[in-house]
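Student: I have this model open on my screen. Please take me closely through one helix and its surroundings, and then relate that part to the rest of the chain.

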Amino acid sequence: MSELCGLVSVLHTTRRSQSPASSFLASACPVHTECDHGHVAGARRAGQDPGPRHCDICRTSNLRSHVTHWPPCLFETAGQCALPGERCAAIFRLGTVLTLLRDGTLGLKKNDRKFVLSKDGRDLQWWSPQKQIMKGHTPLTNVLEVRLGHTTDFFNKLQDDLEASMCVSVVYGRPHQPDILSLLAFTDRQAEQFCTGLRTLMNTAETGAAKSEELQDSWLKQMFVAADKNNGGTLSFDETLGLLHRINANLSTKQAKKLFMEADVNDGGESGLDFEEFKQFYRKLSMRDELYHLLQKESGGNCVLKPDTLQKFLVTEQHMDVTEEFCAGLIEEYEPNETCKEQKLLSYEGFERLLTCPKFSAFNYDHRNKVYQDMTRPLSHYYIASSHNTYLTGDQLRSNSSVEAYIRPLKLGCRCVELDCWDGPEGNPIIYHGHTLTSKIRFADVIRAINLYGFQTSEYPVILSIENHCSLEQQATMASIMQEIFGDRLEVEKPDQDKEHLPSPEELKGKVLVKNKKLSAAAEEENEENEEGWVSDEDEGEEMSGEIKANKRQKSSAGLDNKNAGGGFDSRSSSTTRRTPSPEGDVIEDIDSTFDPDSADAWKSKEKTHKLLLAKELSRLVTYVQAVSFKGFEESLASGKYFHMSSFGEKKAMSCAQRRFVKKFLRYNSRQLSRIYPAGSRISSSNYNPIPLWNAGCQIVALNYQTDCPEMDLNLAKFYDNGCSGYILKHDALVNPAGTFDPYESTSFGSHFRPKEVFLKIISAQQLPKPKGDEKGEVIDPYVAVQVLGAEHDTRTFLTKYIDDNGFNPRWDAKFSFVVHAPDLCLVRFVVRDKDVLSADDLIGQVTIPLNSMCQGYRHMELLGEGVQHASIFVHIKIVDYVPPAPKRKGFFGRFRRQGKVAPRRPDEGQVPQGVNDNLGRSDKDQEYLTNADVDDSLVDMPTAVDIIVESEDNADVGVDIPDGAAAGGAAADDDDDDDACEEEMDVDDTAVDNDDDCGVTEVHSANLNLEDVTTVPDAIDAHHEQDIVERQVEQELDEAREQEIDAKEAAEKALAEPADEDSDDD
């Protein structure tokens, strides 16, 4: 049992007997012998001849024996090598050979590839062992996952031909569009140890404080190699200039030459910069003044922080509860300089590393990584992350169906996935979008993927929303597959009829719930010999009817037929490359203003309702999420069960969420689940705005996860909260059946929410790329749009000025403040765009954060988007409880003065204090008066406000806040020229917002905007608006003069009317 290197032949199965173990075993054990082609010639016990004279595989006589510093392998049992993870990882230093499999035009392509670790230990490389040419590489930090078995679409097609234990998949690249290496090992032991070793290397690369530094170095290495045109290992000055343009750094030639010479310490710039010198060059280039000044301020001018001063900074500025000992540990973790570390001092480099660490980002680290909400409430009290047509990788008509399309949402915390099930060949059900040209995947493969990945990110219940179009036989097969694969995870306990609410996520932890039609209890019990029953397919028919019609129109216009509408399994490749669809072809119907959800005809399907045979085996698996047709709020209140749930199409759901019916919708959603799905006409897989439906209490708001869009940004940001569990507890106001909350009535907010006032300063950005990651093109002119989204009265948008020709380190120092009356419903979205005069402004990146998960203080936000790597924006955030200002006494003329701070609204909307912006450093005499107007802004039809950039006569920029529904507004406070003066200004209550007596106001025409259309920054207000400002200013000054005159007369009259003091000694 403990003998050295037991016989390898014990491991060999049918394929292994033809191809003995590869260099994997040879590199792990010094007595293995390997030929130049990477084949192991044989294995012998210690002390025996090291191997035969020729290779058993390629018959070559050029043999060599591997000798390493690792001790010989010990076998726990015959043929099983007991190696820890670190020793498995060691094989990558010498290299191990696996077979790379790919689809080719003439069939399956097979190529041997030797996988090794780069010399610096940061990259995984694969080489051709015959030609000794590197075929590819990726940083270890870019390796997303290593899988063993039939876990991808590629191997699922070959599962009848390849043994699962020898199939390895390496997933790497961008999370939204990953690449996959499909590898075949020579032995199952090699496959297992390859996966173990690579996972060990991945964990090592991502642990500790070195993660951000490793990522930065990896990114710099990529940039260095790309800029080194002659592959000489150094960068010339011209190559360095090209790199500066590529990273959007706008330096003069003189400045660049100075930095270049300072970094080239070896030969004064003659041979160029090697990688280490380039790192020094980049470090000097990326030195940030705003951080240096902040460090100076917090350290009292010493530019280093001791544990006590660091504690003071974290407590007072960052609003963190930390001890001095904890701060000493932070210095030990983040300070790169050993001398400073020994003296417990945090230098500039350590300060920058600390502030850019994910633990100190603007998104609360604990909220994102821990479940902190109460998970013992009924299931209907939670928002549930949900996917629509989960199997698709692109549009709804022609795209591929893929198992990968299930894995990605589940790893993001999605808890409800959709399965459209149809009859497949040989009695095996398949999943695809019926009556379309989308490809098909096996139902069993999807169930295996859900079982494997469903509970990796979140342990709370997964809901399978099944759209059933199968025959009785294949329905029974579906039930059998789920029972076999899920086992005890499948929730089959019948609901308690005496209870009044659903079980909690905590009670259903680790369970799988099946959402489908269900036979009545009587139908399931009687005629036990008949394993079938009739149900209505009204829900499925309603959902499919619009899709089928739209699909037919699309196919007829493209000259396509419907030959692929049903039947056999489509074995064509299901690529995971997603095509981001354009919504231009989607025609979405407007909300029906005459819709009445309680009318008799409101929920009748326009298509003929059919009856569907339902297998009892499948019906018995349906428990707490029984799909029923919705008949109206009144009927649901009267006869609906807590375990009944209904699906709503987008248009009808939006109609129910209107002002007239939203309270009924809230009451329904407090007890029962509702699922919302996109309109069938969204052929391009575009998404609708989920916020009005979340505000109406809808739990399962299903979106197309394969589409990168603003709506998906909001969805992901919302469910990153609460430890990415996929369950977000709704506010109590949304789950009280007898509650008075109305998301459209601001007067109802006060009794439910604690309003917050947010002071926000957009300071700077770092390493902004060109749009879509392009390397060519001019240097960008970036600006930031801040979008506040939530309750209708809280929705608004602010824009900063744009910075000319600087995407590397643009500086704005723009300040805004705004009031949020329902903070639990609020999301704040930061969008960076490139100003373009001749066309729409290009999106650079975005980040969205729930307001309740936004950390205070100086914070970095890492941007997300196509081609975005290591880009971030630096902000200062302060959030305080909002206290409405006391009303001011006004004279006779004051009754008719326009309000500057509180914008008048319609009687049923209440009054909402106006958010105020900074005037970006202008003095009082140069201050431009602000303007306000009603602006209709939407993701689909959502009202919002927009902050417009206006130019004053001295060409200074000022931010203008236009709150939703407001006709008047206040002036911005003066900005301090000191870069670090943000906090002092923010500490003064109402100073920045109570200047309505000092400015005039005007209205501007509204503009229709949405999250994608905040693309232009107006440079000036129209002339007639400027004239209106002047006229109103004069009018306001006259009013003030008249009021002062009246006050003076009243005071004089009062003085004359008072009797003289009788005890006075004066004559």
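**Helix 17 and its setting**

Tutor: Start with the whole chain. Among contacts in the chain with a separation of 6 or more, 71% are between residues 24 or more positions apart. Keep in mind that this is a predicted model. The chain has 1067 residues, and 56% of them count as buried. Its secondary structure comes to 28 helices and 38 strands.

Now go to the core. The largest nonpolar core holds 116 residues. Within it, L419, L464, M482 and F830 touch the most other members. Helix 17, residues 443-453, gives the most to this core, with 7 residues. That is the helix to look at closely.

How much of helix 17 is covered? Of its 11 residues, 8 are buried. They are F443, A444, D445, V446, I447, A449, I450 and Y453. Note that D445 is on that list. A general point helps when you read such a list. An α-helix has 3.6 residues a turn, so residues three or four places apart point the same way.

Next, the neighbour. Two packed helices are described by the angle between their axes and the distance between the axes. Helix 17 packs on helix 18, residues 472-486, at an angle of about 30 degrees. Their axes lie 10 Å apart. Because the cut-off for roughly parallel is under 35 degrees, helix 17 counts as roughly parallel to helix 18. The crossing of helix 17 over helix 18 is right-handed.

Which residues make that contact? From helix 17 come F443, A444, I447, R448, I450 and N451. From helix 18 come M478, I481, M482, I485 and F486. Sorted by class, the contact has 9 nonpolar, 1 polar and 1 charged residues. Compare this with the buried list: F443, A444, I447 and I450 of helix 17 are buried, and these residues also take part in the contact with helix 18.

L464 ties this part together. Leaving out residues up to four places away in sequence, L464 touches I447 and I450, which belong to the buried set of helix 17. L464 also touches M482 and F486, and both of these are on the helix 18 side of the helix contact. The other partners of L464 are V417, L419, V512, L513, V514 and K515. L419 and M482, like L464 itself, are among the residues that touch the most other core members.

Not every buried nonpolar residue belongs to that core. A second, separate core has 25 residues, including L124, V143, V146 and M202.

Two other helix pairs give useful contrasts. Take helix 8, residues 253-263, and helix 9, residues 275-285. Their angle is about 135 degrees, and their axes are 9 Å apart. Helix 8 and helix 9 are therefore oblique to each other. Their crossing is right-handed. Helix 8 supplies A256, L259, F260, E262 and A263 to the contact. Helix 9 supplies E277, F281, K284 and L285. By class, that contact divides into 6 nonpolar, no polar and 3 charged residues.

Then take helix 12, residues 324-334, and helix 14, residues 348-355. They pack at about 100 degrees, with axes 9 Å apart. Helix 12 and helix 14 are therefore roughly perpendicular to each other. Here L330, E333 and Y334 of helix 12 meet G350, R353 and L354 of helix 14. The class count for this contact is 3 nonpolar, 1 polar and 2 charged residues.

Finish with a few single residues. M712 sits in helix 26, residues 710-724. M712 is buried, with a relative accessible area of 1%. Apart from neighbours within four places in sequence, M712 contacts N687, L703, N704, Y705 and T707. The C-alpha atoms of M712 and N689 are 8.9 Å apart, although the two residues are separated by 23 residues along the chain.

C724 is also in helix 26. C724 is buried, at 12% relative accessible area. Check its backbone. Most residues other than glycine have a negative phi. Yet phi of C724 is positive, near 55 degrees. H870 is another non-glycine residue with a positive phi, about 60 degrees. H870 lies in the loop between strand 32 (857-862) and strand 33 (872-881). At 24% relative accessibility, H870 counts as partly exposed.

How values were computed. Residues are numbered from 1 along each chain as its sequence is written. This is a predicted model: local features need pLDDT of at least 70, side-chain atom pairs count only at pLDDT 80 or more; totals for chains, interfaces and linings use all residues. Side-chain values use heavy atoms; hydrogens and water are left out. A nonpolar core is a set of buried Ala, Val, Leu, Ile, Met, Phe, Trp, Tyr and Cys residues joined through side-chain atoms within 4.5 Å. Buried means under 20% relative accessible area, exposed over 50%, partly exposed in between (1.4 Å probe, protein chains only). Helices (H or I, at least four residues) and strands (E, at least two) are DSSP runs, numbered from the N terminus. Contact means heavy atoms within 4.5 Å. Axes are lines fitted to C-alpha atoms, for helices over the stretch in contact, and angles run from 0 to 180 degrees between N-to-C directions. Angles under 35 degrees count as roughly parallel, over 145 as roughly antiparallel, 65 to 115 as roughly perpendicular and the rest as oblique. A crossing is left-handed if the near helix is turned anticlockwise from the far one by less than a right angle, and right-handed if clockwise. Ala, Val, Leu, Ile, Met, Phe, Trp, Tyr, Cys and Pro count as nonpolar, Asp, Glu, Lys and Arg as charged, and the others, Gly among them, as polar.
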